[in-house]
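Subject: Structure handover

Hello,

Here is the structure I promised to pass on. Please open it alongside this note, and then read on for what turned up.

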Amino acid sequence: MGNDLNTEVEILKSPSVLIDIFEFVKDKKSSINKKYENLRFNGWKKQFKIDLERGTRVLNLSYEDNDKNLILPTLEKISNTYQYYAGDSRKKTIKESKKYFEKRISQYKIKSDLSMKKY
């Protein structure tokens, strides 16, 4: 399970997941100061850190920004993104489990029917 959680954290750090948050920050900063229109993803990404607390399933987020009013909304967006991803992952696991058990039930129903006919 630890590897699965580490994988989720790495996915959360990926540009495909973080691009919406980056665009949010870039838009907010650009509306205040046009120089941020040239803000690049890799430069922005260096401002935050996402890790697991050692030996736990607790996600530790930190984000640094000169605009203190932008820190909390950015952390909330990252947290919401993680919760969405984690929830989506759990739903997929549940769906796959359900499919597996439905298949097994079907197989045992056939075996049961055959046993009843033999009896």
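Start at Asp51, which stands opposite Asn60 in β2. Please keep in mind that this is a predicted model.

**The hairpin**

Strand β1 covers residues 48-52, and strand β2 covers residues 59-63. The two pair in the antiparallel sense, over 5 bridges. Together β1 and β2 make a hairpin, with 6 residues between them. Look at Gly55 in the turn: its phi is positive, at about 75°. In a regular strand, side chains alternate between the two faces of the sheet.

**Salt bridges**

How many salt bridges does a search of the whole structure find? The count is 5. In general, side chains of opposite charge can pair when their charged atoms come close.

One of the salt bridges joins Lys49 and Asp51, at 3.8 Å from N to O. Lys49 has a relative accessible area of 52%, so it counts as exposed, the cut-off being over 50%. Asp51 is partly exposed, at 29%. Salt bridges with shared partners link Lys49 and Asp51 with Glu10 and Lys13 in one network.

Now the Glu10 end of that network. Glu10 forms a salt bridge with Lys13, and their closest N and O atoms are 3.5 Å apart. Both residues lie in helix α1, which spans residues 2-13. They are 3 residues apart, about one turn of the helix. Glu10 is partly exposed, with 48% relative accessibility.

A further salt bridge is formed by the side chains of Glu37 and Lys34, at 3.7 Å from N to O. Is each partner exposed or partly exposed? Glu37 is partly exposed, because its relative accessibility is 41% and that class runs from 20% to 50%. Lys34 is exposed, at 58%.

**Lys13**

Lys13 deserves a second look. Its place is in helix α1. A polar atom of the Lys13 side chain lies 3.1 Å from the backbone oxygen of Ile50. Which residues does Lys13 contact, leaving aside neighbours within four places in sequence? They are Leu18, Lys45, Ile50 and Asp51.

**Helix α4**

Helix α4 runs over residues 68-118. Several residues in it are worth selecting.

Tyr85 lies in α4. Its relative accessible area is 25%, so Tyr85 is partly exposed. Tyr85 and Glu8 are 77 residues apart in sequence. In space, their C-alpha atoms are 8.1 Å apart. With neighbours within four places in sequence set aside, Tyr85 is in contact with Glu8 and Ile11.

Asn80 is also placed in α4. Asn80 is partly exposed, with a relative accessible area of 47%. Between the C-alpha atoms of Asn80 and Val17 there are 11 Å. Along the chain, Asn80 and Val17 are 63 residues apart.

Phe101 has its place in α4 too. Where does Phe101 appear on the surface? It belongs to a nonpolar patch there, with Tyr100 and Ile105. These residues together have about 360 Å² of accessible area.

**Where to click**

For a quick tour, go from the β1 and β2 hairpin to the network of Glu10, Lys13, Lys49 and Asp51. Then move to Tyr85 and its contacts, Glu8 and Ile11. Finish at the surface patch of Tyr100, Phe101 and Ile105.

Best wishes

Terms used: Residues are numbered from 1 along each chain as its sequence is written. This is a predicted model: local features need pLDDT of at least 70, side-chain atom pairs count only at pLDDT 80 or more; totals for chains, interfaces and linings use all residues. Side-chain values use heavy atoms; hydrogens and water are left out. Patches are made of residues with over 30% relative accessible area and no salt bridge: like charges are joined within 9 Å, nonpolar side chains (Val, Leu, Ile, Met, Phe, Trp, Tyr) within 5 Å. Accessible areas come from the Shrake-Rupley method with a 1.4 Å probe; for residues, only the protein chains shown count as cover. A salt bridge is a side-chain nitrogen of Lys or Arg within 4 Å of a carboxyl oxygen of Asp or Glu. Helices (H or I, at least four residues) and strands (E, at least two) are DSSP runs, numbered from the N terminus. Buried means under 20% relative accessible area, exposed over 50%, partly exposed in between (1.4 Å probe, protein chains only). Two strands pair if DSSP finds at least two bridges between them. A polar contact is a pair of N or O atoms within 3.5 Å; within protein, one must be able to donate a hydrogen and the other to accept it, and residues adjacent in sequence count only if both atoms are side-chain atoms. Contact means heavy atoms within 4.5 Å.
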